[in-house]
Amino acid sequence: MDLDRPSALLRGKRLVLGVTGSIAAYKAVSLLRALTGRGASVSVVMTNSATKFLAPLTFEVLSGQPVTTGLFEACEEMRHLTVPEGAHAIIVAPATANFLAKAAVGLADDVLSTILLTAQCPLIVVPAMDGGMWEHPTVAEHVRILRARGVVVLDPEEGPLASGQVAQGRLAAEPRILEAVQALLTPQADWLGQRVLVSAGPTQEAIDPVRFISNRSSGKMGYAIAEAARDRGGDVVLVTGPTALRPPAGVEVVPVTSAQEMADALGRHFSWATVVVMAAAVADFRPREQAARKLKKQGRTSFTLDLEAAPDILAMLSAQRTTQILVGFAAETEDLISHATAKLVGKGLDAIVANDVTKEGAGFGSDNNAAVMLSRGGRRKELGLMSKRRLADEILTEVRELRTAGRPSAATVE
Ligand code: CTP
């Protein structure tokens, strides 16, 4: 993975790019390339007048997605509903004075303006028009209405226009548009350039082809960390045991089943990583032998399984580490702090997130969690009951401090 690209910021983002009938429509081609080049998936919607300036095929080829035009055909396919579904933002560039008027009053006489009324996501509007129009009180009033509604409207720039006039009306320069998109979608990019290896979920240790030993981990905490690191600009590899969760977009997902497979997958990515967060609930023990065929009762009234230790992945990674920051989790039912401190020191970690899994409304399967984060050097941060996503962000903010402080050594772990 190339991490120096600015691409990290829009990975996993779904955007709708609306193009209206302005001579500046040709600039939308370059904008589309810049957005997809940063990892976004972009669905283009053109008004009829935009198609007079550019062929939909241009956008279709460059976006790799069908282009939506024409209200009636599009509505037959319900595209006014499906195109904005799951979109993170709609960007209309260029936006004509006519478009601003329709958006301000809620007219829905073409597919793009109809989408504005069905969409749930933020809207960025980048006007371009001939000299004097931008200053017209009607246009100014429409812009004011849109801004009051929370729409981001980028002022056009001053310069030579298609008519030959020099006035304020040029489409905002591409870097300004990209900056606005990024500011809206990834307000915090403090993990840009970091390579984050996250483990999540339970492991399953086979007894025979149909039975296994596992635990109650849902994977939600690890997935939340992977998503938060991605949203903050990090490159993320998520090694996950079996969960019911949807793989996060923009993250490389490596599915595994057993502790051994998880150890192997993490081992393969370890030298790539700058930070490792072990949120997985790895089995400590596994059946010494796996039966090749289903074990039969054969009239037995009891059964003893012979278990052996599974690899302690964190301890293994800790022994191999060069510059990686290592963060563990400690799920405890008693003596939270002392057990977590013992793991922090014993496994040579930089930080450990300790949670009491007996607490109501937190822990396994829940969407919320509460924890205490202990870090090397004796730092301690109480993280009260909050959503796992918020907790993930708090953990990343804490780890960012450790990153800045530099690589740990065993001597500094207290
Ligand atoms: N862990 C690991 N490999 C294992 C077991 C645990 O890498 N075989 C990691 C977990 O992902 C977690 C941390 O170690 O980040 C602590 O896990 P936990 O199961 O709470 O601790 P254990 O070391 O297994 O100790 P105990 O079972 O005695 O609580």
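This passage describes salt bridges in a predicted model.

Across the whole structure, the search identified 28 salt bridges. One of the pairs is formed by glutamate 157 and arginine 176, whose side chains meet at an N to O distance of 2.8 Å. Glutamate 157 belongs to strand 6 (residues 157-160) and arginine 176 to helix 9 (residues 174-185), so this salt bridge ties together parts of the structure that are 19 residues apart in sequence. Both partners fall in the intermediate class of solvent accessibility: glutamate 157 is partly exposed at 24% relative accessibility, and arginine 176 is likewise partly exposed, with a relative accessible area of 32%.

A further salt bridge joins the side chains of aspartate 208 and arginine 211, with an N to O distance of 2.5 Å. In this pair, aspartate 208 is buried, its relative accessible area being 3%, whereas arginine 211 is partly exposed at 34%. Because buried residues are those under 20% relative accessible area, the value of 3% places aspartate 208 in that class.

The side chains of glutamate 382 and arginine 380 also meet in a salt bridge, at 2.9 Å from N to O. Here, glutamate 382 and arginine 380 are both exposed. Beyond these individual pairs, salt bridges with shared partners connect a set of residues into one network. The network comprises the basic residues Lys13, Arg230, Arg232, Arg389 and Arg400, together with the acidic residues Asp190, Asp231, Asp393 and Glu401.

Definitions and conventions
Residues numbered from 1 in each chain as written. Predicted model: local features only at pLDDT ≥ 70, side-chain atom pairs only at ≥ 80, totals over all residues. Heavy atoms only, no water. Salt bridge = Lys/Arg side-chain N within 4 Å of Asp/Glu carboxyl O. Helix = DSSP H or I, 4+ residues; strand = E, 2+ residues; numbered from the N terminus. Buried < 20%, exposed > 50% of the residue type's maximum accessible area, 1.4 Å probe, protein only.
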